[in-house]
Amino acid sequence: MVRAAVLSAVNAPLQVTEIDLPAPGPGQVRIKLAAAGVCHSDLSLSNGTLRQPAPAVLGHEGAGTVTAVGPDVTTVAPGDQVVLNWAPSCGDCHFCSLAEPWLCADAGLAAHSPYATLAGGATALYPGLGTAAFAEETVVPARAALPLPDGIPLVDAALLGCAVLTGWGAVHHSARVRAGESVVVFGVGGVGLATLQAARIAGAGPIVAVDVSPAKEELARAAGATEFVVAGDAAFFEKEGAKRIRKLTGGVGADVAIECVGRAETIRTAWSATRRGGRTTVVGIGGQEQQVTFSALELFYFGRTLSGCVYGNSDPARDLPVIAGHVRSGALDLSALVTERIGLDGIPAAFDAMLAGKGGRALVVF
């Protein structure tokens, strides 16, 4: 038996209960989790913003130790420490052939196949984003288990699986930040904090952090922000916010704006705060009801680039060793993203904190 946080239906409260986890089948591995981050995407899966079959075990940002492997698995072995990859690429689809593994057409297949049952075996369970990390143990496809580079603490390594890869990739792959460029980051949660650290490592400056919570200023500055702006009432998102950011970035606007919230008003403000010819990257995942509008004239006049960003446009196999080097050197501090360490029972409260805009990353430690 394995303890897990189970979502019985969309918008239902998570229940910590026991599940039956089978032995790994062909091409699968079983992993004992050391830690799992509580990501806003898990909240989006639980409330229906993102589609997820239920009942399910959520959680997709995790790290642990391989305990067993199924037939035909050669990439990892029992005893190996690994990071979960919630979007493993198949290597064969159209997007993989274009060297864009973050868009792999088959990356989400595992999430739609039952992987375990509730205790007693009567009710099938689905793995959230194919990984089901809100559990003491999980079974995943072998390509979803990435060997952990040497010298990285296993518990902190959970953050590499989503927040860090996303924030790093948003800066280095999607926005392609260059040394000396000004950057504004909207949203100082786990991904936002990773984005600020990545911008600092890239040599950006000034680096402006924007959040609705004044309490996050210390976190933001520790991660690399040189300026902190509190997003206040509706007036901030209508005009005031973009004006304030332009004043902090030489009067012209930021070279790069990175939105980590996923709301129409923050995306629009990020766009307006970007200089002519600059780049606006949207990392946050919003619902279909979040509609953003632009006039045809401003699209022409400002010449800005607006782009979405999936998983940081990252190739984890390529990027993890690079990121690990910065962790080992001390340039990237994984523990600085974590504002609370909890057990499985603490996940609902962590969801509430995210909704209230409080804290950075909550980390479930097993």
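The questions and answers below concern a predicted model.

Reader: Into which domains is the protein divided, and how many Å separate their centres?
Author: The division gives domain 1, made of 2-160 + 334-365, and domain 2, made of 167-310. Taken over C-alpha atoms, the distance between the centres of domain 1 and domain 2 is 29 Å.

Reader: What area do domain 1 and domain 2 bury between them?
Author: The size of an interface is often given as the accessible area lost when the parts come together. Here 13 residues of domain 1 are in contact with 15 residues of domain 2. Carbon and sulfur atoms carry 65% of the buried area, which is about 1000 Å².

Reader: In what order do the five strands of the barrel close?
Author: The pairing in the barrel is mixed. One antiparallel pair is S7 (residues 116-118) with S8 (residues 124-127), joined by two bridges; in this pair alanine 116 stands opposite leucine 125. The barrel closes in the order S1-S2-S7-S8-S4.

Reader: Where is the kink in H7 centred?
Author: Helix H7 covers residues 234-248 and reaches 20 Å from its first C-alpha to its last, close to the 21 Å expected. H7 nevertheless has a kink of about 60°. The centre of that kink is glutamate 240.

Reader: Which residues of H7 are buried, and what covers them?
Author: An α-helix has 3.6 residues a turn, so residues three or four places apart point the same way. The buried residues of H7 are Phe236, Phe237, Gly241, Ala242 and Ile245. Their cover includes helix H8 (264-272) and the strands S11 (183-186), S12 (207-211) and S13 (227-230).

Reader: Which residues do the cis peptide bonds at proline 55 and proline 206 join them to?
Author: Most residues other than glycine have a negative phi, and most peptide bonds are trans. Proline 55 is in the loop between helix H1 and strand S4, and the omega of its cis bond is about 5°. Proline 206 is in the loop between helix H5 and S12, with omega about -5°. The partner of proline 55 is alanine 54, and that of proline 206 is glycine 205.

Reader: Is asparagine 11 buried or exposed?
Author: Asparagine 11 sits in the loop between strand S1 and strand S2, and its phi is positive, near 70°. Exposed means over 50% relative accessible area. At 60%, asparagine 11 is therefore exposed.

Reader: Is tyrosine 311 buried or exposed?
Author: Tyrosine 311 also has a positive phi, about 55°, and its place is the loop between strand S16 and helix H10. The cut-off for buried is under 20% relative accessible area. Because its relative accessibility is 4%, tyrosine 311 counts as buried.

How values were computed. Residues numbered from 1 in each chain as written. Predicted model: local features only at pLDDT ≥ 70, side-chain atom pairs only at ≥ 80, totals over all residues. Heavy atoms only, no water. Helix = DSSP H or I, 4+ residues; strand = E, 2+ residues; numbered from the N terminus. Expected span 1.5 Å × (residues − 1). Bend = angle between axes of the 7 residues up to and from the residue. Buried < 20%, exposed > 50% of the residue type's maximum accessible area, 1.4 Å probe, protein only. Contact = heavy atoms within 4.5 Å. Pairing = 2+ DSSP bridges. Domains from an automatic or database assignment. Buried area = accessible area lost by both parts, 1.4 Å probe.
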